[in-house]
Amino acid sequence: MIDNKTLDPAITASVEKLQSLFGNAPEVAVVLGSGWAGAVSHVQDARNLPYTELPAFPQPKVEGHVNEIVVGTIGEQRVIFLRGRAHTYESGDCTGMAGALRSLKRWGVKVVVQTNASGSLRSHMPPGSLMLIADHINAPQRSPLVGEQGSHRFVDMVNAYDADLRKHALALAKRENLMLGEGTYCWALGPQFETAAEIRMFAAWGADAVGMSTVPETILARHAGLKVLGLALMTNMAAGLSAEALTHDLTLKQAQMSGERASAFLAALVSSFAGLEL
Ligand code: HPA
């Protein structure tokens, strides 16, 4: 449960730091998942800051992992990238990104683009393909908002993934000749992969992709009043849908193989936001 008494001063300190180092907020933030980190190489005048300098951001528990923000410009669009997210499977806590997202909102960010690596439930989206997240299924039925007060905790989750921004992303993909499926992302808590029976159930529910992130952040972002857009990179066919055994290595290898194209599209997407009313 979020302890707002402790979190609030941490958010204030984080926003002061961001404002003093980078000035006014960019309108666009991107949370980078596996496979998407290459987008940072498209940033001009990039300036980095480790999460350890931002008390409301998730503090890294494992040495050697990249946990930092990168602020800069792609084309005409200023942007902040978040490299490193807290996953619920690390601690059981699904509120890990609350402070970061609320800091972004208070600083002045308008849109959060979420990216992740997913297992595909659909043969027309093989490993390497990209899916625009149209909707999600919160399979664990866990909420980062448990314990929040006030009527705005009852967040409307219809069109949580902004309908206008999705139209914009699909049009861009068409212009760039990139196959971009649109579908429903199902959150599985992990860290174990799913059983084949679970995947059959998720498919029957209407899920097109499955992964271990994104949903808690989307809930937190919508609660904070941020617009959300989501992109999933398929790194494997979901459990039971291919002969290959699922391993973390396999998903990382595929993420690396397809990461360049995914990252180039992400960079083009960020750049295409310039001039839009966000
Ligand atoms: N299941 C859950 N999370 C994932 C998968 C998967 O098949 N692939 C990448 N992240």
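**Reading the ligand site and three residues**

User: Let's start with the ligand. Which residue places a polar side-chain atom 2.7 Å from a nitrogen atom of the ligand?

Analyst: That is N236, whose polar side-chain atom lies 2.7 Å from a ligand nitrogen. Keep in mind that this is a predicted model. To read such a pair, look for N or O atoms within 3.5 Å of each other.

User: How much of the ligand does the protein bury?

Analyst: The general idea is to take the ligand alone and then see what the protein covers. Here the ligand by itself exposes 260 Å², and 94% of that is buried by the protein.

User: Which residues contribute polar backbone atoms close to a ligand nitrogen?

Analyst: Check the backbone as well as the side chains. A polar backbone atom of A117 is 3.3 Å from a nitrogen atom of the ligand, and a backbone N or O atom of G119 also lies 3.3 Å from a ligand nitrogen.

User: What else surrounds the ligand?

Analyst: List the neighbours, then sort them by class. Besides A117, G119 and N236, the surrounding residues include S118, F193, E194, V210, G211, M212, T235 and T251. By class, the shell has four nonpolar, six polar and one charged residues.

User: Which strands each supply at least two residues of that shell?

Analyst: Map the neighbours onto the secondary structure. The strands are β5 (111-120), β8 (209-211) and β9 (227-237). β5 gives the most, with three residues.

User: Which pocket does the ligand take up?

Analyst: Compare the ligand's space with the pockets of the protein. The space taken by the ligand is the largest pocket.

User: Now for single residues. Is T95 buried or exposed?

Analyst: Use the relative accessible area, where buried means under 20%. T95 has 12%, so T95 is buried. T95 lies in the loop between α2 (88-91) and α3 (98-107), and its side chain makes a polar contact of 2.7 Å with the side chain of D93.

User: And G259, buried or exposed?

Analyst: Apply the cut-off again. G259 is buried because its relative accessible area is 8%. G259 is found in helix α7 (residues 248-272). For chain folding, set sequence separation beside distance in space: G259 and A37 are 222 residues apart along the chain, while their C-alpha atoms are separated by 7.7 Å.

User: Where is E277 found, and why is E277 called exposed?

Analyst: E277 is found in the segment after α7. Exposed means over 50%, and E277 is exposed because its relative accessible area is 77%. From C-alpha to C-alpha, E277 and V111 are 11 Å apart in space and 166 residues apart in sequence.

Conventions. Residues numbered from 1 in each chain as written. Predicted model: local features only at pLDDT ≥ 70, side-chain atom pairs only at ≥ 80, totals over all residues. Heavy atoms only, no water. Near = heavy atom within 4 Å. Polar contact = N/O pair within 3.5 Å; in protein donor to acceptor, adjacent residues only side chain to side chain. Areas by Shrake-Rupley, 256 points an atom, 1.4 Å probe, with all protein chains shown as cover. 1 Å grid on protein atoms, 1.4 Å probe; cavity = no way out; pocket = protein on both sides within 12 Å on 5 of 7 lines; lining within 4 Å. Sits in = over half its atoms within 2 Å of the grid points. Helix = DSSP H or I, 4+ residues; strand = E, 2+ residues; numbered from the N terminus. Nonpolar A, V, L, I, M, F, W, Y, C, P; charged D, E, K, R; others polar. Buried < 20%, exposed > 50% of the residue type's maximum accessible area, 1.4 Å probe, protein only.
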